Amino acid sequence: MLPPKALMMKNIVLTGFMGTGKSEVARELSRLCGMRLIDIDQEIEKTQGISIAEIFSRHGEEYFRIIETAAILQFASEQGVVISSGGGAVLREENLKALQAHGIIFCLTASPETIRLRTAGNNNRPLLQCDDRQVRISELLKERQPFYERAGIMINTEGKTPLEVANEIIGKIS
Ligand code: S3P
């Protein structure tokens, strides 16, 4: 399916908590719409030459947030691309404004339990490395909920495949 002409110039931006399926849905959107995909975390890993987890452990979260903003500001002004941002990207006003200026933002959601199941066995997310992941997820979600709500259009991914979510997003834009 091709996106409407008006959208060709705008970016489709995905945000939302870790484990809500942003990367997979972004890949489907990119494929379905024939739009280039930019994954902010992957771009950061490319320029830094190390993984996100390594960036956190070597330099700390604050450093990561600075380079995350730099990457967002660099790519947000592209035209007609799909951007998958990290789960903390919209916490900074600067990032949100840049992404909103050139794109339509969709915020993917899922329940804390689904997020725990989807992120289980994955040790690449420094913010979820703790004794009780379920509690950590619930706390972070509560803290971030207002940021996600004002970032963009909420899309519940519960019980849906990435393809179904991508089609739902296309339906909202068309
Ligand atoms: C983060 C989410 C991660 C990554 C980093 C911080 C967050 O991306 O950017 O670990 O603050 O929620 P994903 O949402 O793709 O896991």
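How far apart along helix α5 are Arg-65 and Glu-61, counted in residues and in helical turns? They are four residues apart in helix α5, and therefore separated by about one helical turn, where helices are DSSP runs of H or I with at least four residues, numbered from the N terminus.

Before I go on, a word on the source: this is a predicted model, in which local features need pLDDT of at least 70 and side-chain atom pairs count only at pLDDT 80 or more, while totals for chains, interfaces and linings use all residues. Residues are numbered from 1 along each chain as its sequence is written, and side-chain values use heavy atoms, with hydrogens and water left out.

The side chains of Arg-65 and Glu-61 form a salt bridge at 2.9 Å, N to O, a term that stands for a side-chain nitrogen of Lys or Arg within 4 Å of a carboxyl oxygen of Asp or Glu. Arg-65 also meets Glu-68 in a salt bridge, again at 2.9 Å, N to O, and Glu-61, Arg-65 and Glu-68 are thus linked in a network.

Which of these residues are buried (under 20% relative accessible area, with exposed over 50% and partly exposed in between, using a 1.4 Å probe and protein chains only)? Arg-65 is buried at 9% and Glu-68 is buried at 2%, whereas Glu-61, at 34%, is partly exposed.

Leaving aside neighbours within four places in sequence, Glu-68 is in contact, meaning heavy atoms within 4.5 Å, with Ile-44, Gly-86, Gly-88 and Ala-89.

Elsewhere, in helix α6, Lys-97 and Glu-93 meet in a salt bridge at 3.5 Å, N to O, and here Lys-97 is exposed at 53%.

Key:
Helix = DSSP H or I, 4+ residues; strand = E, 2+ residues; numbered from the N terminus.
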